[in-house]
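Let's take a walk through this model together. Keep the 3D view open and turn it as you read.

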There are 2 protein chains.
Amino acid sequence: MDTPSLSTLGQHLQSLRKAQGWSLSQLAAAAGIAKSNLSRLEQGNGNPTLDTIWRLAVQLKVPFGTLVAPIAVPLGEDGVEVRLIDQGKESPQVDAYWMRCAPFTTRVAEPHTPGARGSLTLISGHLEAGPEGDTRRLAAGDTLTFAADRAHCYRTSDDWATLLVSVVYHGESHR
Amino acid sequence: MDTPSLSTLGQHLQSLRKAQGWSLSQLAAAAGIAKSNLSRLEQGNGNPTLDTIWRLAVQLKVPFGTLVAPIAVPLGEDGVEVRLIDQGKESPQVDAYWMRCAPFTTRVAEPHTPGARGSLTLISGHLEAGPEGDTRRLAAGDTLTFAADRAHCYRTSDDWATLLVSVVYHGESHR
DNA sequence: ATAGAACGTTCGTTAAAAGGAACAACGAGA
DNA sequence: TCTCGTTGTTCCTTTTAACGAACGTTCTAT
């Protein structure tokens, strides 16, 4: 496994810069780094320092993580990538996930503990989701709540899908 | 302006490592970096390379940005912290936010573009939220959808609140 | 045309990040 | 007690990222 696709960083860096109307020289000056440095980075060579990345992120006004790990992150084997965003500690417990599914993939999730409910918001793309046998087709912006204590699935057809999922575990303690 | 508090990175790095039961030597070996390197980083000195950060993030299983900008990020002046999780690029456009409010704070959000709708899931704590004059009290796990093209607010009383918010901009292009 | 200013690239030098070995400190077992 | 293994730190060395200047280009204005 290698670094987060150095070339990807370069491309992303460049597209962000151009999108904001900066020239390479300008951005380098504003960020306080040598333009030779920035040039090399955009070409996909090089392995920038935290300090360098940070300065660029500030000037480009991106949340930092966005700069280095563009949306196109490594997917899991099954074409689905899941990231835990946050976890509530109180009762009822709530887990929040960010999720991305490649086209033509199906992900079947095991039932959670009894009483658990899921809530889903589609950020982009199209998705068919819900308890098995009772799925719904969703478009960007749609939300869906469903019983998470039964097997449920996420299925894409010819489009990607990015979504937010939160699971609420009713009942005292489920772990 | 200086780098993202190198010392903060160090502390966070160390707490993450210990939380997962790694020893410094183990983690360094697993990540494929010299332990002298990791040691120096945890002490707050040094300015790690993207490659180094990446390898550590992978082993610690954190979304990378989390490593350098820890969860307990500085709250805004108003006691509210907001993080952009993701942005859809298609139509309708959808923005996804993670948000955390300190006790006894009120955040009033400007109306978004006409037709915009908001969707909210409370991850932990208690919160009163919604369009002004039509707010609802929410507990962990509750969800709420509301018209986002009117001024709306988020208010906590004696408890913290962590939530997921997504905004759907209906209409062709709103920017 | 022609001087000027900006663009982005390539080069050699320098500063510093990463590597590697030696180190003292601590705990577990024989 | 004494050894062995592991902890995390501190050196010194090697590698390399960042710098700064020079370069060829392109475009504009005189």
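Start with DNA strand C: of its atoms within 4 Å of the protein, 67% belong to sugar or phosphate, and the rest belong to bases. Keep in mind as you look around that this is a predicted model.

Who sits around this strand? There are 19 residues around DNA strand C, and A:S23, A:L24, A:S39, B:T49 and B:T52 come nearest. Sorted by class, the surface near DNA strand C has 12 polar, four nonpolar and three charged residues.

Now zoom in on some individual atom pairs. A:R17 has a polar side-chain atom that lies 3.3 Å from a phosphate oxygen of DNA strand C. With A:S25, a polar backbone atom is involved, and it is 3.2 Å from a phosphate oxygen of the strand. For a pair that involves a base, find B:R40: an N or O atom in its side chain is 3.1 Å from a base nitrogen of DNA strand C. If you step back to the helices, the elements that give two or more residues to the surface near this strand are α2 (24–31) and α3 (35–42) of chain A, together with α3 of chain B.

Next, turn to DNA strand D. Which residues are closest here? Of the 19 that surround DNA strand D, the closest are A:T49, A:T52, B:S23, B:L24 and B:S39. For DNA strand D, 64% of the atoms within 4 Å of the protein belong to sugar or phosphate, with the rest in bases. The class count for the surface near DNA strand D is four nonpolar, 12 polar and three charged residues.

Again, have a look at the atom pairs. A:T52, one of the closest residues to DNA strand D, has a polar side-chain atom 2.7 Å from a phosphate oxygen of that strand. The bases come into play too: a polar side-chain atom of A:R40 lies 3.2 Å from a base nitrogen of DNA strand D, and one of B:K35 lies 3.2 Å from a base oxygen of DNA strand D. The elements that give two or more residues to the surface near DNA strand D are α3 of chain A, plus α2 and α3 of chain B.

Let's leave the DNA and see how some helices sit against each other. Two packed helices are described by the angle between their axes and the distance between the axes. In chain B, the axes of helix α2 (residues 24–31) and helix α3 (residues 35–42) come within 9 Å and cross at roughly 120°. Because of that angle, α2(B) is oblique to α3(B). The crossing itself is right-handed. On the α2(B) side, the contact is made by B:L24, B:S25, B:L27 and B:A28, while α3(B) brings B:K35, B:L38, B:S39 and B:E42. By class, that contact has four nonpolar, two polar and two charged residues.

Finally, swing over to chain A. Here the axes of α2(A) and helix α4 (residues 50–60) come within 9 Å and cross at roughly 110°, which means that α2(A) is roughly perpendicular to α4(A). The crossing of α2(A) and α4(A) is right-handed. A:L27, A:A30 and A:A31 of α2(A) make the contact with A:R55, A:L56, A:Q59 and A:L60 of α4(A). Those residues divide into five nonpolar, one polar and one charged.

Terms used. Residues numbered from 1 in each chain as written. Chains lettered and ligands numbered in written order. Predicted model: local features only at pLDDT ≥ 70, side-chain atom pairs only at ≥ 80, totals over all residues. Heavy atoms only, no water. Axes fitted to C-alpha atoms, helices over the stretch in contact; angles between N-to-C directions. Helix = DSSP H or I, 4+ residues; strand = E, 2+ residues; numbered from the N terminus. Parallel < 35°, antiparallel > 145°, perpendicular 65-115°, else oblique. Left-handed = near helix turned anticlockwise from the far one by under 90°. Contact = heavy atoms within 4.5 Å. Nonpolar A, V, L, I, M, F, W, Y, C, P; charged D, E, K, R; others polar. Near = heavy atom within 4 Å. Polar contact = N/O pair within 3.5 Å; in protein donor to acceptor, adjacent residues only side chain to side chain.
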